[in-house]
Amino acid sequence: MTVRPILTAPDPRLQAVSTDVEAVTDEIRALVDDMADSMYAADGIGLAAIQIGVPKRVLVIDLDQKEGQRNPVAYINPKILWASEETAVFEEGCLSVPEIWDDVERPARIKAEYLDRDGNKQVLEADGLLATCLQHEMDHLNGVLFIDHLSRLKRSMAVKKLTKAKKLAAAG
Ligand code: NI
């Protein structure tokens, strides 16, 4: 189990479209464990594999940390089967988009299927924060960041801020 560095925008790797996992092997479970460690180290609630540079369709989400427990759930090859017409707005942030938060509107409820860490197919219906988090993380698998859902002006301001922060860090 290893904490791996998290890529931050603008990094072209974050725009990659990730590929399906062919079989849930020990190698994939080790990836899931590294993702969970990296997520907790960065105080996140969700992470996609591409955020640590691995273009595979794997997510880890843990929304129960506030109870002081760790229960990372792996979602492998997740697919949305149904999304409600009703939408919900959450203020989103992202470990790959540091220091930026903004409101994003998404379907309020979804039905999704995925493989769990044992390779078993699961179907789940989600609403609230889980629905938003799953959609946010699944966007990463298609190379989409939450700032891509913002207006063009807000998005370009965010990219400018991120680019500036990177230059300052490099000049460090
Ligand atoms: Ni994110």
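Colleague: Let's start with one residue: which residue in β3 stands opposite V60?
Modeller: The names come from DSSP runs, where helices (H or I) need at least four residues, strands (E) need at least two, and numbering starts at the N terminus. Strand β2 (residues 58–61) is joined to strand β3 (residues 73–83) by four bridges, and the two run antiparallel. Two strands count as paired if DSSP finds at least two bridges between them. In β3, the residue opposite V60 is A74.

Colleague: What kind of model is this?
Modeller: Residues are numbered from 1 along each chain as its sequence is written. Side-chain values use heavy atoms, with hydrogens and water left out, while local features need pLDDT of at least 70, side-chain atom pairs count only at pLDDT 80 or more, and totals for chains, interfaces and linings use all residues. In short, the model is predicted.

Colleague: In which order do the five strands of the open sheet stand?
Modeller: Strands of a sheet pair through backbone hydrogen bonds, either parallel or antiparallel. Here the pairing is antiparallel. β1 (46–48) and β7 (121–127) each have a single partner strand, so one side of each is left without a neighbour in the sheet. With those two at the edges, the order is β1-β2-β3-β6-β7.

Colleague: How many residues lie between β6 and β7 in their hairpin?
Modeller: Let's walk along the sheet to get there. Five bridges join β3 to β6 (residues 109–115), with I80 partnered by A112. Seven bridges then join β6 to β7, and K111 has E125 as its bridge partner in β7. In the hairpin turn, G119 has a positive phi of about 85 degrees, and the number of residues between the strands is five.

Colleague: At about what angle does helix α1 run to β2?
Modeller: Helix α1 (residues 26–41) lies across β1, β2 and β3. The axes are lines fitted to C-alpha atoms, for helices over the stretch in contact, and angles run from 0 to 180 degrees between N-to-C directions. For α1 and β2, the angle is about 45 degrees.

Colleague: Which element supplies the largest share of the largest nonpolar core?
Modeller: A nonpolar core is a set of buried Ala, Val, Leu, Ile, Met, Phe, Trp, Tyr and Cys residues joined through side-chain atoms within 4.5 Å. This one has 18 residues, and L31, M35, I52 and V58 have the most contacts inside it. α1, β2 and β3 each supply at least two residues of this core. The largest share, seven residues, comes from α1.

Colleague: Is Q51 buried or exposed?
Modeller: Q51 lies in the loop between β1 and β2. Among the residues it touches beyond four places in sequence are P5, C94 and H140, where contact means heavy atoms within 4.5 Å. Buried means under 20% relative accessible area, exposed over 50% and partly exposed in between, with a 1.4 Å probe and protein chains only. At a relative accessible area of 1%, Q51 is buried.

Colleague: Which residues coordinate the nickel ion?
Modeller: Donors are N, O and S atoms within 2.8 Å of the metal (3.2 Å for Na, K and Ca); water is not among the atoms, so sites may look incomplete. The donors follow the spacing C-x41-H-x3-H along the chain, and their distances are 2.1 to 2.3 Å. They are C94 (SG), H136 (NE2) and H140 (NE2).

Colleague: By about how much of helix α2 are H136 and H140 separated?
Modeller: H136 is buried at 7% relative accessible area, and H140 is buried at 1%. Helix α2 spans residues 128–141, and the two histidines are four residues apart in it, so their separation is about one helical turn.

Colleague: What is the relative accessible area of N77?
Modeller: Most residues other than glycine have a negative phi, and most peptide bonds are trans. N77 in strand β3 has a positive phi near 50 degrees. D43, in the loop between α1 and β1, has a positive phi near 60 degrees and is exposed at 71%. N77, however, counts as buried, with a relative accessible area of 10%.

Colleague: Which residue is joined to P10 by a cis peptide bond?
Modeller: P10 sits in the segment before α1. The omega of this bond is about -10 degrees, and the residue joined to P10 is A9.
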